[in-house]
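Here are some worked exercises to try with the coordinates open beside you. Have a go at each task before you read its solution.

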Amino acid sequence: MQQLRAVPCSPPPGRLTEGPVWDDRRQELLWVDIPDGLVHRAALTHEAATPDLVGTSTLRFGSAVGAVQPCASGALLAAVGTSLVRLDPDRPVEAAVELAAPVLPGDGLPRRMNDAAVDPAGRLLVGSMAYDESPGAGSLYRLDGDGLVTLLDSVTISNGLGWSPDGTRLYYADSPTGRVDVFTYDTGTGTLTDRRPFAALDRGVPDGLTVDADGRVWVAVWGGGEVLAFTPDGALHARVEVPAAHVTSCAFAGPDLDVLVITTAKEGLDEAARRAQPLAGRLFTCRPPTRGLPPVPYADH
């Protein structure tokens, strides 16, 4: 098994940094700080022996931002509160246009969108959760031209979306289950079938994930201080040590997609744990001996 170690990047720590994604069109990394409603952008110094993120700029929303994705048009698609909005990254957030919002149950539970990813055909999948993490209060949706289609109900914390290189498998984590599941995925219709367990964790819970060009699944472990990589048959392949317990997500970035960028959180740590983990909430990088899959933008035109 490969043993790797991540090193911190320049951007200052956030409360709950999440959802890194490489915007190939603009050659920059996007990520969010969920509770503070922030969308960050930065360039990656991928040529350096130790890659870094520099020149950070920030969009500030008035609600939690669960995820952001680049669009084929050059716009951004952000999950803000319980809505999906489209915006020009060079214009004020007040100019954002709402594309869709789910019809929520009338149970009074405050909810928000969480992790999101774009499938090989350019469709967006996005999950939801209750702020208090009530069991079964979330869903997984697909964004279509007519709005949101529900793919899964009774989800607690919808997380970790990624596809196999051929697009026929969708990897998915409902975090409190403690495992990553895999579905058979129809790229023609965007439908899921045949859910089965893929990999169970022995500590922490799975959060965000990404898939490399060889089909290995890299899983951020909340509460575990690591990213774990699994082969397509579910065997443990590599472990990336991260000096922060709450590892939230990861993505391959850079022109060659050879830099693994990792997000972390200080949210959920008590004061003693924050003192013991001064790097919590930072972004980290490492260079595994593999590359990521080419990112697919949301097909908005």
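**Exercise 1. A residue and its surroundings**

Which residues does Ala79 touch, not counting residues up to four places away in sequence?

Solution. A word on the source before we start: this is a predicted model.

Step 1. Locate the residue: Ala79 is part of strand β8, which covers residues 76-80.

Step 2. List the contacts. Leaving out residues up to four places away in sequence, Ala79 touches Ala64, Val65, Gly66, Ala67, Leu84, Met113 and Val126.

Step 3. Check the accessibility. Ala79 has a relative accessibility of 2% and therefore counts as buried, because the cut-off for buried is under 20%.

Step 4. Try a distance as well: 22 Å separate the C-alpha atoms of Ala79 and Leu192, which are 113 residues apart along the chain.

**Exercise 2. Salt bridges, one pair at a time**

Find how many salt bridges the model holds, then work through three of them and classify each partner as buried, partly exposed or exposed.

Solution. Recall that side chains of opposite charge can pair when their charged atoms come close.

Step 1. Apply the criterion, a side-chain nitrogen of Lys or Arg within 4 Å of a carboxyl oxygen of Asp or Glu. The count comes to 19 salt bridges.

Step 2. Take Arg41 and Glu28, whose side chains form a salt bridge with an N to O distance of 2.8 Å. This pair links distant parts of the chain: Arg41 sits in strand β5 (residues 38-44) and Glu28 in strand β4 (residues 28-33), 13 residues apart. Arg41 is buried at a relative accessible area of 11%, and Glu28 is buried with a value of 11%.

Step 3. Move on to Asp107 and Arg111, where a salt bridge joins the side chains at 2.8 Å, N to O. Here Asp107 is partly exposed, with a relative accessible area of 41%, whereas Arg111 is buried at 8%.

Step 4. Turn to Arg287 and Asp258, whose side chains meet in a salt bridge at 3.1 Å, N to O. The pair links distant parts of the chain, 29 residues apart: Arg287 is in the segment after β25 (283-286), and Asp258 is in the loop between β23 (246-253) and β24 (259-265). Arg287 is partly exposed at 32% relative accessibility, while Asp258 is buried at 17%.

Step 5. Look for shared partners. Arg26, Glu28, Arg41 and Asp90 are joined into one network by salt bridges that share partners.

**Exercise 3. A buried charge without a salt bridge**

What is the nearest side chain of opposite charge to Arg112, and how far away is it?

Solution.

Step 1. Place Arg112 in strand β11.

Step 2. Find the opposite charge. The nearest one is the side chain of Glu133, 6.7 Å away. Since a salt bridge requires a distance within 4 Å, Arg112 has none, although it is buried.

Step 3. Search for other polar partners: the side chain of Arg112 makes a polar contact with that of Asn114 at 2.8 Å.

Step 4. Complete the surroundings. Beyond its neighbours within four places in sequence, Arg112 is in contact with residues including Leu16, Ile34, Thr82, Ser128 and Tyr131.

**Exercise 4. Two open sheets**

Trace the strand order of the sheet that contains β11, then do the same for the sheet that contains β15.

Solution.

Step 1. An open sheet of four strands runs β11-β12-β13-β14, with antiparallel pairing. Its edge strands, each pairing on one side only, are β11 (111-118) and β14 (147-155). From one strand to the next, the twist averages 25°.

Step 2. Zoom in on one pairing: β11 and β12 (residues 124-130) run antiparallel and are joined by six bridges. The bridge partner of Arg111 in β12 is Ala130.

Step 3. Another four strands form an open sheet in the order β15-β16-β17-β18, again paired antiparallel. The edges are β15 (158-163) and β18 (191-200), each pairing on one side only. The average twist from strand to strand is 25°.

Step 4. Inside this sheet, four bridges connect the antiparallel strands β16 (residues 169-174) and β17 (residues 179-186). Leu170 has Phe183 as its bridge partner in β17.

Notes
Residues are numbered from 1 along each chain as its sequence is written. This is a predicted model: local features need pLDDT of at least 70, side-chain atom pairs count only at pLDDT 80 or more; totals for chains, interfaces and linings use all residues. Side-chain values use heavy atoms; hydrogens and water are left out. Helices (H or I, at least four residues) and strands (E, at least two) are DSSP runs, numbered from the N terminus. Buried means under 20% relative accessible area, exposed over 50%, partly exposed in between (1.4 Å probe, protein chains only). Two strands pair if DSSP finds at least two bridges between them. Axes are lines fitted to C-alpha atoms, for helices over the stretch in contact, and angles run from 0 to 180 degrees between N-to-C directions. Lys and Arg count as positive and Asp and Glu as negative; His and the chain ends are not counted. A polar contact is a pair of N or O atoms within 3.5 Å; within protein, one must be able to donate a hydrogen and the other to accept it, and residues adjacent in sequence count only if both atoms are side-chain atoms. Contact means heavy atoms within 4.5 Å.
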